[in-house]
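User: Could you take a close look at one part of this model, the grouping of aromatic rings and the core around it, and explain it step by step for a first-year student?

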Amino acid sequence: MAAAMATQGERAVLEEEFKWLLQEEVHAVLQQLQDILKEASHRFALPTGGSGGAVKQENFVLSTSGTDQVKGVMTLQGDALCQADVNLKMPRNNQPLHFAFREDKQWKLQQIQDARNHVNQAIYLLMNRDVNYQFKTGLEVLKLMDAVMLQLSRARNRLTTPATLTLPEIASSGLTKMFTPALPPDILVNFYINLNKLCLTVYQLHVMQPSTTKNFKPAGGSVLHNPGAMFEFGSQRYEVNHVHKVECVVPWLNDALVFFTVSLQLCQQLKDKISVFSSYWNYRPY
């Protein structure tokens, strides 16, 4: 009988603790998540002043230590490259080439745009449960945390996992038509985000003659294609001779990735607290 009464007492304590968790601590964590993710969202927007302010421009120099084969000066404005100035030395004769964006062109970085959209969706999910909302079950909290974590994971993945493209896709990209003077036919370029870095890849090509004895094996999709990769574009076959990759850290992207990590940890910690109650014998907080 005493054991039964003790069990009932323990259950009453657990129920009170769980009630406090649902009514108080959950909302405290949700508010903390909102604050962190709003900071992350502000990093993407980069306003110069006020919520409706114009997005400021930032200049980045992309280069590789120990070589001056390729250098680029990029101007990033939110999720758009609004200026790009690239200098390239051709290995065969060290001849310098220079090309830049046309004044009427800018290049949208879809990775940044998508990551920001996922962050804003996570904020929307959190704001749908204001301080007056009463959570009834632990399962309800777990579902909310799963939904928020899904958006945060997608936001992080968009920055950490650049798109895989085939060489014909790069060749036919609108990016190739944005430069003045026009890119020579034996040059391809690609911009992308990798983690906290803005990356520029320059491919130097040579035309494969019909009389070549090389077996033609077109390359598939990749973030970075290596020398020797082959592809067909138009009526011509090409092989990659040289690949130059230059990059630069974008500090606010680094901030955003840290915010994602902290937020995901907070979500998981709250899920773990909810799950602890289910580990007690015959007690289900769901």
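Analyst: A residue is called buried when its relative accessible area is under 20%, exposed when that area is over 50%, and partly exposed in between, using a 1.4 Å probe and protein chains only. This is a predicted model, in which local features need pLDDT of at least 70 and side-chain atom pairs count only at pLDDT 80 or more, while totals for chains, interfaces and linings use all residues. Residues are numbered from 1 along each chain as its sequence is written, and side-chain values use heavy atoms, with hydrogens and water left out.

Rings of Phe, Tyr and Trp (its six-membered ring) form a pair if their centres lie within 6.5 Å; planes under 30 degrees apart count as stacked, over 60 as edge-to-face, and the rest as tilted. By this rule there are seven aromatic pairs. One of them joins phenylalanine 99 and phenylalanine 179, whose centres are 5.4 Å apart and whose planes meet at 90 degrees, an edge-to-face arrangement. Helices (H or I, at least four residues) and strands (E, at least two) are DSSP runs numbered from the N terminus. Because phenylalanine 99 belongs to strand β4 (residues 96-101) and phenylalanine 179 to strand β6 (residues 179-180), this pair ties together parts that are 80 residues apart in sequence. Both phenylalanine 99 and phenylalanine 179 are buried.

Phenylalanine 179 also pairs with phenylalanine 101; here the ring centres are 5.1 Å apart and the planes lie at 55 degrees, so this pair is tilted. Since phenylalanine 101 is in strand β4 and phenylalanine 179 in strand β6, the pair ties together parts that are 78 residues apart in sequence. Phenylalanine 101 has a relative accessible area of 8% and is buried, and phenylalanine 179, at 4%, counts as buried too. Phe99, Phe101 and Phe179 belong with Phe191 to one aromatic cluster.

Next to phenylalanine 179 in sequence comes a feature of the backbone: the peptide bond from threonine 180 to proline 181 is cis, with omega near -10 degrees. Proline 181 is found in the loop between β6 and β7 (187-194).

Phe191 leads on to the core. A nonpolar core is a set of buried Ala, Val, Leu, Ile, Met, Phe, Trp, Tyr and Cys residues joined through side-chain atoms within 4.5 Å. The largest one has 68 residues, and those with the most contacts inside it are Phe44, Met74, Met145, Val189, Phe191, Leu200 and Phe260. At least three residues of this core come from each of domain 1 (8-46 + 111-159 + 253-282) and domain 2 (61-108 + 163-250), with bounds taken from an automatic or database domain assignment.

Contact means heavy atoms within 4.5 Å. Not counting residues up to four places away in sequence, leucine 200 touches ten listed partners, among them Met74, Val189 and Phe191. A second, separate core has 10 residues, including Leu167, Tyr203, Leu205 and Phe231.

Met145 brings in helix α3 (residues 138-160), where Met145 is one of the buried residues, together with others including Leu142, Met149 and Leu152. Helix α3 has 23 residues and reaches 32 Å from its first C-alpha to its last, close to the 33 Å expected at 1.5 Å a residue; the expected span is 1.5 Å times one less than the number of residues. An α-helix has 3.6 residues a turn, so residues three or four places apart point the same way.
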